[in-house]
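Me: I am new to this structure and would be grateful for a close look at a single part of it. Please explain how that part is joined to what surrounds it, and go on to the wider setting.

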Amino acid sequence: MEAVSTFRSFGGTLSVHDHDSAVTGSAMRFAVYVPPQAENGPVPVLWYLSGLTCNWSNVMEKGNLQAAAARHGVIVVAPDTSPRGEGVPDDESYDLGQGAGFYLTATQEPWSRHFAMDRYITEELPAIIAANFPADMSRQGIFGHSMGGHGALTLHLKHPKTYRSCSAFAPIVAPAQVPWGIKAFAAYLGEDRSGWAQYDACELVRKQVSGAHILIDQGLADNFLEEQLKPELFEAACAEAGQKLTLRRQAGYDHSYYFISTFMDDHIAHHARALG
């Protein structure tokens, strides 16, 4: 692990790091905010998963999270959204390839050689965090935005004992039913849709609910709402399965970080309460 940059912020420290990933077969970059409370011992860990085209910098620079993380005493880890660099396959469009990992393990060439973001986040990066930061790995939560909201929901539902709390901003809740997800899943997983369900939050929650109370904020002025996001599908699936969910529809808010930063404090407080 190589330190790229370090900044003091709200009494804590934001640091950016590079390392070579065995899981993705590429160099990876991530950021970590450590609150001032960590000087007295390990603190809970929140994983923030970003959306299409984004990386660690979007939330750390525009998400308004450091003040809330310092107030509530939680570490926030922001991984990248995909492997990147020379030799990593890409696509001309923004919603496939580099920057669009969809938090899954690809089975189709050429993507299968590098694209395994779910394994990177659940297996490899936690070991790095545990070894290098004052993190209480028995208290972890996960949240994210858009494609990252999809990642947060699916990883929480598949690993509820690891990620004890979960929330999302404008998540893709039913990727197998919307253009973004259909395009990505067909490329990464193949045309056989039987393999898609393991990465679809609506399908996962119907099989097994978690013990957490999931929080979702969705802006009603979001231009992706009707075609790509469809939160009502997850709302219905949770009601059918008995999953605790609070879905807040926020009038006037769009898909941007102006929306995310407005409700960031609420989300970190939600996780802090759940993680004690």
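## Strand E4 and its surroundings

Reply: Tyr-48 has Phe-143 opposite it, in strand E6. The model is a predicted one, and this pair is a suitable place to begin reading it. The two strands concerned, E4 and E6, run parallel and are joined by 6 bridges. As for burial, E4 is mostly covered, with 7 of its 7 residues buried.

E4 also pairs with E5, again in parallel, through 3 bridges. Two contacts of this pairing can be followed residue by residue. Leu-46 faces Val-76 of E5, while Trp-47 has Val-77 of E5 as its bridge partner.

Strand E5 itself deserves a closer reading. Its side chains point in two directions: Ile-75 and Val-77 go one way, Val-76 and Ala-78 go the other, and all of them are buried. Val-77 also takes part in a pairing with strand E3, where Val-32 stands opposite it. That pairing, between E3 (residues 26–34) and E5, is antiparallel and extends over 3 bridges.

The wider setting can now be described. E4 belongs to an open sheet of 9 strands, whose order is E1-E2-E3-E5-E4-E6-E7-E8-E9 and whose pairing is mixed. At the edges lie strand E1 (2–9) and strand E9 (245–250), each of which pairs on one side only. From one strand to the next, the twist averages 20°.

A helix packs on this sheet and touches E4. This is helix H4 (residues 147–158), and the strands in contact with H4 are E4 (43–49), E6 (135–145), E7 (163–169) and E8; the direction of H4 makes about 140° with that of E6. Another helix, H8 (residues 231–241), packs on the sheet where it touches E8 and E9, and its direction makes about 155° with that of E9. These two strands, E8 (residues 214–219) and E9, pair in the parallel sense over 6 bridges. Within this pair, Gln-218 is placed opposite Arg-249 of E9.

Finally, several details of the backbone concern the loops. The loop between E4 and helix H1 (56–62) contains Thr-53. Thr-53 is not a glycine, yet its phi is positive, at about 75°. Between H1 and helix H2 (66–72) there is another loop, in which Asn-64 is found. Asn-64 likewise has a positive phi, near 60°, in a residue other than glycine. Why is Asn-64 classed as partly exposed? Its relative accessible area is 47%, and because buried means under 20% and exposed means over 50%, a value in between counts as partly exposed. After strand E5 (75–78), the loop that lies between this strand and helix H3 (117–132) holds Pro-110. The peptide bond leading from Glu-109 to Pro-110 is cis, its omega being near 0°.

To return to the starting point, E4 is joined in parallel to E5 by 3 bridges and in parallel to E6 by 6 bridges, and 7 of its 7 residues are buried.

Terms used. Residues numbered from 1 in each chain as written. Predicted model: local features only at pLDDT ≥ 70, side-chain atom pairs only at ≥ 80, totals over all residues. Heavy atoms only, no water. Pairing = 2+ DSSP bridges. Helix = DSSP H or I, 4+ residues; strand = E, 2+ residues; numbered from the N terminus. Axes fitted to C-alpha atoms, helices over the stretch in contact; angles between N-to-C directions. Contact = heavy atoms within 4.5 Å. Buried < 20%, exposed > 50% of the residue type's maximum accessible area, 1.4 Å probe, protein only.
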